[in-house]
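User: I'm new to this one and would like a walk through it. Can we take it step by step?

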Amino acid sequence: MSGLNAPLLSLNAGTVSKLALARVDLAKMRLAMEVQTNLLPKVMGPAEFRPGTEYLTSTRDNQPARLIPFVYNTATTADIELTPNRMRILLDDGPLTRPAVSAVITNPDFPADLSGWTSIDETGASSFWGGFGRMDLLGTGFNYAGRRQEVATSNAGTEHSLRILIGRGPVVLRIGSAAGYDDLLAETSLSAGWHSIAFTPTGGSFWVDVRGLEESARVVNFIQIESAVTVEIETPWGTNDIANVRYDQSSDVLFCAAGGHRQQRIERRSQRSWSIVGYLTDDGPFLSPNLTATTMTADSTFGIVTVTSSRPVFTTGHVGSLLRMTTAGQSASANLAGAEQWSDAIRVTGVSSDGSNSRSIGVAVTGTWAGTVKLQRSLAEPGAWTDVASYATNQGLFYDDELDNQIVYYRVGFPSGGYTSGVASVALTYGSGVQTGIVRIDAVNSTTSVSGYFLRPISSASAATVDWAEGSWSEGRGWPTSVAFHDGRLWWFRRGMTYGSVSDAYHSFDADLAGDAGPIQRSIATGGNEGINWALSLQRLLVGTAAQEVSIRSSSFDEPLTPTAFTARSCSTRGSANLAAVEVDTAGIFVQRDGKHVFELAYDVQGQDYASANLTRINEDICAPGVVDIAVQRQPDTRIWFVLANGDCAVLTRERADEVAAWTLVTSTHGAFEAVSVTPGQDQDDVKFVVRRVIGGVTKRYIERLRGAGECIGGTLSRNLDCHVTYSGAPTTVIPGLSHLEGQAVAVWGDGRTIVSGRSTVAVSGGSVTLPAAVSNAVVGIPYAWRLKTTKLAYGARQGSTPLLQRKRVDHVGFVAQHFGWKGTRIGRDFDTMRDLSSILDGRTLSPDETIEDYDYDATSFPGGWSTDARVCVEGVSPYPATILGMVIGMNANERGLGGNPRPSGEGG
């Protein structure tokens, strides 16, 4: 028989699966645990009783919710709460709300006479009632159409807010303390979608201006003052879409994809002004050009248009999509009502000396106007403009420049000092070349007819063309499912396709832009058509499908991706679940397609590409219920939170440099975690959860924030309780503010000690609890426990003998701990046979409520017994704090052989 002290010098090895308990050959098994619950390891070695969660608010209508972090900078953050078809903004301790104010916008539904709104239309522009309760703003392309309203308020100095729905943008908004001013809200452009815009009046009234510039009407559907409300903004994402939202952020904009819906932009103008708008592009991407005999014919060349196809082509799914059409010739039209207003340029080539009049340019000027219109040209490229003709009256003529074999650009308009009054409608036409127009489809009239408006004009109306293409994205064709920023481009992913924007132009996919900065539209072209579940920008652009993980690069030197330098290769064939992957430095973490195994993608120098490694290889049970959400915490240690379908959280403490990959489990009494979000913090990142609880028989969903480890080590307010609230004030035995925990059993920490422990508890009644003693400071919440259970203690066998199946006995356990509420801790050989720690330490009797700063304890009496599988189990309960630095286990081993060993004296309980 031999004796051994087995030191567990650190508790940062985490847990292993029961299936791995016999792997005593692995060095990690010496420090690993079979059970480590609510005791979070630190990379340096200790394990901390996890902090409690603070109650912040309920989700909207207690509905299932997802939290998306929004990080403007590390000091300015928010969380976007997504519930079915709504989003709220969580700031600090709760959702964004608006104060009550007296201001009211007159006739917010826009009756036919636009009563209450004053016209501020510039020359040639017009604002009018467009029907269906909307305001239309029809500009000239140069001059604004607009309306203004003065709004009275008795709440100067109090925040006000406008709720606005833009049907077709952009619409320009400004708010000022006087007519035409923008001192209360600097001029801002609003895209199509919902907006909640905050400002603070300084006087008894303020002026609201809305304006539109474009030649196809901009539309304001709704505008009113928000008052005494929690801000809720409509989204397109229903119950089944929320989990599928993928996002990436650039400055004040979060770009979102969700498969079944158009991409969206969540915009922040300030911490209290937010919008969600459709992500729109004006120049692509497009599918391959039409190769059939089907033609498209437009009834106008610019502005509002109806397009007719020669065969049935259109479905309701084309609403909102793009249509590109190319017609012979060139044209440029404009309505001019001011100096330095010009038409677009046309490009003239060829010869005229052969009598073909191939350089003949049509010039037309109509309308009611006064001034001097100039025809100008620029050789080789636009820019160096010179006058070639002047017109003081309406004209309809041809101009031949006789500049054979030269490339010349022409435009027409009012020069500086040339405009007097009125509106001149000008047009240039040229028979040679081609012109490509782009239409955004507003409505599908039939299978052969759509209505919309031009984003780029075409050269001629009523000319049928077979040269057309429809947009790559639509309700019918499908929308992107993932998004990422990489190499200065915004990348969207749909099925097996990747779409990279023009470099540094996140809304442009102009295929006519040549060179390395041009857009990239490529197929992954490896594996089946599985759909892309996630995308990460690491050293390379990585995407995950249900069959494989793909590495996209330019070359082995990893230069930026370009239209001609693009290679997609499979780097892993694990297959990814339909969950977002997360970035940890230069590595990516993703969940395998079964939803139960976690892999790390890291760059492999030997293979010169990314390779995957199984992070759950010796703990394949930890995520067995299935992962439903993921977030990464970087402070104080790197912890990856995996929310599981059973309501627990699997937590991976990861530090590659120290070879730490420790799995632990986090649970909450009478609560189920449903979602997690992490935003940066100073000493600890801000971790928030959506937690489902049943209160009084009713399902509630709360947003709760994980408190910092430094707040859970004793002291005045120690926060080792879940869904808790705090009290600070006059001494009292009644703690209010607990209506969210009505009827629940709670524990209490007050004035630096445990008032009610998790083993005794008190029930919340009438939104409060009554304590046995008055306190000035208290934390009240739901208690929870931490647990440790060692792996097989296979130590101390003689040389050549297996340590497994040897009978052994644990006779003492020692602890090294800090901030230790000793009375809350018990030890035993299993969780059904537990014993309190001794109340004697260093010859003195400990107070039951005492928290010991530095605790060294050797249990001389341990409730162990002889067994081939002797274990040590330890558990603690809140609100007693505990930080375990290490353990020493004293054992005796019987080494007389396997099977048939005589029972050692004293064997038993």
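Analyst: Here are some short questions and answers about this predicted model.

User: How many disulfides does the count come to?

Analyst: A disulfide is a covalent bond between the sulfur atoms of two cysteines. To be counted, the two sulfurs must lie within 2.5 Å. Take C623: its closest cysteine sulfur, the one in C649, is 10 Å away, which is too far for a bond. By this rule the count comes to 0 disulfides.

User: Is C623 buried or exposed?

Analyst: Buried means under 20% relative accessible area. C623 has a relative accessible area of 0%, and C873 is likewise at 0% and counts as buried. So for C623 the word is buried.

User: Which strand pairs with β58 over 4 bridges?

Analyst: Let's go through the partners of β58, which covers residues 745-750. With β60 (residues 762-763) there are 2 bridges in the antiparallel sense, and V746 stands opposite V762 there. With β59 (residues 753-756) there are 3 bridges, again antiparallel. That leaves the antiparallel pairing in which G750 faces A778, and the strand joined over 4 bridges is β61.

User: Why is β58 largely enclosed by the rest of the structure?

Analyst: A residue counts as buried when it has under 20% relative accessible area. Strand β58 has 6 residues, and it is largely enclosed because the number of them that are buried is 5.

User: Which residue takes a positive phi in the hairpin of β58 and β59?

Analyst: These two strands run antiparallel, with V748 opposite V756. Between them the hairpin has 2 residues. The one with a positive phi, near 50°, is D751.

User: What volume does the largest cavity have?

Analyst: Rolling a probe the size of a water molecule over the atoms shows where empty space is left. Counting cavities of 30 Å³ or more gives 2. The largest has 15 lining residues, and the closest to its centre are R262, T281, L322, W473 and W479. Its volume is about 100 Å³.

User: How many charged residues are in the lining of the second largest cavity?

Analyst: This cavity holds about 40 Å³ of space. Its lining consists of L40, E48, P51, Q633, R639, Q684, L706, R707 and A709. By class, these divide into 4 nonpolar and 2 polar residues, and the number of charged ones is 3.

Conventions: Residues numbered from 1 in each chain as written. Predicted model: local features only at pLDDT ≥ 70, side-chain atom pairs only at ≥ 80, totals over all residues. Heavy atoms only, no water. Buried < 20%, exposed > 50% of the residue type's maximum accessible area, 1.4 Å probe, protein only. Pairing = 2+ DSSP bridges. 1 Å grid on protein atoms, 1.4 Å probe; cavity = no way out; pocket = protein on both sides within 12 Å on 5 of 7 lines; lining within 4 Å. Points joined across faces, edges and corners; volume = space filled by probe spheres on them. Nonpolar A, V, L, I, M, F, W, Y, C, P; charged D, E, K, R; others polar.
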